[in-house]
Amino acid sequence: MMRSLVVLAALATLVACGEKPQALGLPKSDSPVSAGTGSNFTAPGWKAGDKASWEQHLKARQQNSQNDYSRMN
Amino acid sequence: MARMKFICDAERCIECNGCVTACKNEHEVPWGVNRRRVVTLNDGVPGEKSISVACMHCSDAPCMAVCPVNCFYKTDEGVVLHDKDVCIGCGYCSYACPFGAPQFPSQGTFGVRGKMDKCTFCAGGPEENGSKAEFEKYGRNRLAEGKLPACAEMCSTKALLAGDGDVVADILRNRVVQRGKGAEVWGWGTAYGSKKAGQAPETGAKS
């Protein structure tokens, strides 16, 4: 009886020595930008949720707005 | 699609600060925080050059490497973003960044707990795209609206280029060929890993 009490007491004491997990909380996952926002400010000409369409639209927008050589010549 | 990149063509930048203003206005960035700024080299000396600098969304981002709480993440488009709910405001990223991009506001919308703030390539943060929470923490998510970063779209001389890296490189290459100079773009090698990073221009090359 005494022996089992000692064992129980030792186990209870050792529990306090356990280490809490220290894993880092990873950042929340972000939804893809090609999914769109559904807002009224969305630029027309592409389909929300269609990544290929979003990429194509952005490339065309980039060429039209930033490549003045192709715009003017 | 290639990854998203920024580049500033110093031959064209006229130091108008339109990019800085566009950024501040678009994201309602508070006083004391400048996600983007214009730096002039050799100011006042004939031949001075200006460049617009912000987070370059590096290929091998040093901020991501040093963050002790792992708050940074990279999107499929190569945009380096961070989670303000995880950031502890330690400032390690500020020391690691070669462009001085991380900002630490002490008051206002972003600054109640001293969370780091930086350019998001107008791609928001981990909150729902286009949500109020995302806007309040990170600003507008223009990429998800099918638009390019406000700074580049607002640039009057098209010095600041942003978007698909291949298209950015094509536009700049065409300019360099047409004008015959200005191929040395500051930050490109540091951010995107050119072997020529930090090297002096070749002898006889036009500047």
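The legends below accompany close-up views of a predicted model, with attention to chain B.

**Figure 1. Overall make-up of chain B in the predicted model, with seven helices and six strands.** Along the sequence, the helices and strands of chain B succeed one another in the pattern β-α-β-β-α-β-β-α-α-α-β-α-α. Chain B has 207 residues, of which 53% are buried. Among the contacts of chain B with a separation of 6 or more, 57% are between residues that lie 24 or more positions apart.

**Figure 2. Strand E1 of chain B and its pairing with strand E6.** E1(B), which spans residues 4–8, runs antiparallel to E6(B), which spans residues 160–164, and five bridges join the two strands. One of the residues to look for is Phe6(B), whose bridge partner in E6(B) is Ala162(B). The side chains of Met4(B), Phe6(B) and Cys8(B) point one way from the strand, whereas Lys5(B) and Ile7(B) point the other way. Residues on both sides are buried, and because five of the five residues of E1(B) are buried, the strand is largely enclosed by the rest of the structure.

**Figure 3. The second largest pocket, with a volume of about 150 Å³.** Of the 14 residues that line this pocket, those closest to its centre are Ile51(B), Val53(B), Phe99(B), Trp186(B) and Gly187(B). Strand E1 (4–8) of chain B supplies at least two residues of the lining, and strand E3 (49–53) of chain B likewise supplies at least two. By residue class, the lining comprises 10 nonpolar residues, two polar residues and two charged residues.

**Figure 4. The surroundings of Arg35(B), a buried residue in a loop of chain B.** Arg35(B) is placed in the loop that lies between helix H1 (18–27) and strand E2 (37–41) of chain B. Its relative accessible area is 2%, and because buried means under 20% relative accessible area, Arg35(B) is counted as buried. The side chain of Arg35(B) is joined to the side chain of Asp117(B) by a polar contact of 2.9 Å. In addition, a polar atom of the Arg35(B) side chain lies 3.5 Å from the backbone oxygen of Lys118(B). The view thus sets the loop residue Arg35(B) beside Asp117(B) and Lys118(B).

Methods. Residues numbered from 1 in each chain as written. Chains lettered and ligands numbered in written order. Predicted model: local features only at pLDDT ≥ 70, side-chain atom pairs only at ≥ 80, totals over all residues. Heavy atoms only, no water. 1 Å grid on protein atoms, 1.4 Å probe; cavity = no way out; pocket = protein on both sides within 12 Å on 5 of 7 lines; lining within 4 Å. Points joined across faces, edges and corners; volume = space filled by probe spheres on them. Helix = DSSP H or I, 4+ residues; strand = E, 2+ residues; numbered from the N terminus. Nonpolar A, V, L, I, M, F, W, Y, C, P; charged D, E, K, R; others polar. Buried < 20%, exposed > 50% of the residue type's maximum accessible area, 1.4 Å probe, protein only. Polar contact = N/O pair within 3.5 Å; in protein donor to acceptor, adjacent residues only side chain to side chain. Pairing = 2+ DSSP bridges. Contact = heavy atoms within 4.5 Å.
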